[in-house]
Amino acid sequence: LPLVESGGGLVQSGGSLRLSCAASGYTLDYYAISWFRQAPGKEREGISCISSNGGATTYADSVKGRFTISRDNVDHTVYLDLNNLKPEDTAVYYCAARRPEKGAVIADCRGYYGMNYWGKGTLVTVSS
């Protein structure tokens, strides 16, 4: 599953961006999609997840109330809206996909682990 992130860029503190995650020629409908980020010199951090049917979302405390995850299963794209950005949000943002557990119909958001596919990331830089 060739995940590709887009939408990163340079924005001022307090600004907004919309990140997209898609896989050209493939559907994301069967996968739970998570967003991660990795800032320079820091470990990768799981920040948000949406289940395959869009019925459940999770957020890390660091982004709760500022970031919103959504999915469009017509366009086969998952979005991450970043609002009220802060300089500490500067990082490379990655999306990742996880299949449903064996026997399950829905891929849920049970944690930021066990991802089956990863994108290469998009850089978000927030200036103060």
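Contact here means heavy atoms within 4.5 Å. With that in hand, start at I33. Setting aside residues up to four places away in sequence, I33 touches C21, L28, S48, C49, I50, I69, R71, V78, C95, A96 and A97. The model is a predicted one.

I33 also belongs to a wider group. The largest nonpolar core has 27 residues. Within this core, I33, W35, L80 and Y93 touch the most other members. Several strands supply the core. Those giving two or more residues are β3, β4, β5 (45-50), β7, β8, β9 and β11 (122-127). Strand β9 gives the most, with four residues.

Turn next to β8, which spans residues 77-82. Six of its six residues are buried, so the strand is largely enclosed by the rest of the structure. In a regular strand, side chains alternate between the two faces of the sheet. Both faces of β8 are covered. On one side, T77, Y79 and D81 are buried. On the other side, V78, L80 and L82 are buried too.

Which strands pair with β8? Strand β3 is joined to β8 by six bridges, and the two run antiparallel. One of the partnerships sets S20 against Y79 in β8. Strand β7 (residues 67-72) is also joined to β8 by six bridges, again antiparallel. Here I69 stands opposite L80 of β8. Strands β7 and β8 form a hairpin with four residues between them. In that hairpin, H76 takes a positive phi near 55°.

Y79 has a charged companion as well. R18 lies over the face of its ring, at 4.2 Å from the ring centre.

Now follow the aromatic rings. The structure holds three aromatic pairs. One of them joins Y31 and Y117, with ring centres 5.9 Å apart. Their planes stand at 85°, so the pair is edge-to-face. This pair links distant parts of the chain, 86 residues apart. Y31 sits in the loop between β3 (17-22) and β4 (32-38), while Y117 is in strand β10 (residues 117-118).

Are the two tyrosines buried or partly exposed? Y31 has 14% relative accessibility and counts as buried. Y117, at 23%, counts as partly exposed. The cut-off explains the split, because buried means under 20% relative accessible area.

Y31 has many other contacts. Leaving aside neighbours within four places in sequence, the residues in contact with Y31 include L1, S51, S52, R71, A97, R98, R99 and A107. A96 is 65 residues away from Y31 in sequence. In space, their C-alpha atoms are 9.2 Å apart.

A further aromatic pair is made by F36 and Y112. It is edge-to-face, with 5.7 Å centre to centre and 75° between the planes. F36 lies in strand β4, and Y112 lies in the loop between β9 (91-98) and β10. The pair therefore ties together parts that are 76 residues apart in sequence. F36 is buried, at 4% relative accessibility. Y112 is partly exposed, with a relative accessible area of 31%.

The rings do not stop at that pair. F36, Y112 and W118 are linked into a cluster by ring pairs. W118 also has an arginine over its face: R44, at 4.0 Å from the ring centre.

How values were computed. Residues numbered from 1 in each chain as written. Predicted model: local features only at pLDDT ≥ 70, side-chain atom pairs only at ≥ 80, totals over all residues. Heavy atoms only, no water. Phe/Tyr/Trp six-rings, centres within 6.5 Å; stacked < 30°, edge-to-face > 60°. Buried < 20%, exposed > 50% of the residue type's maximum accessible area, 1.4 Å probe, protein only. Lys NZ or Arg CZ within 6 Å of the ring centre and 35° of its normal. Pairing = 2+ DSSP bridges. Core = buried A, V, L, I, M, F, W, Y, C linked by side-chain atoms within 4.5 Å.
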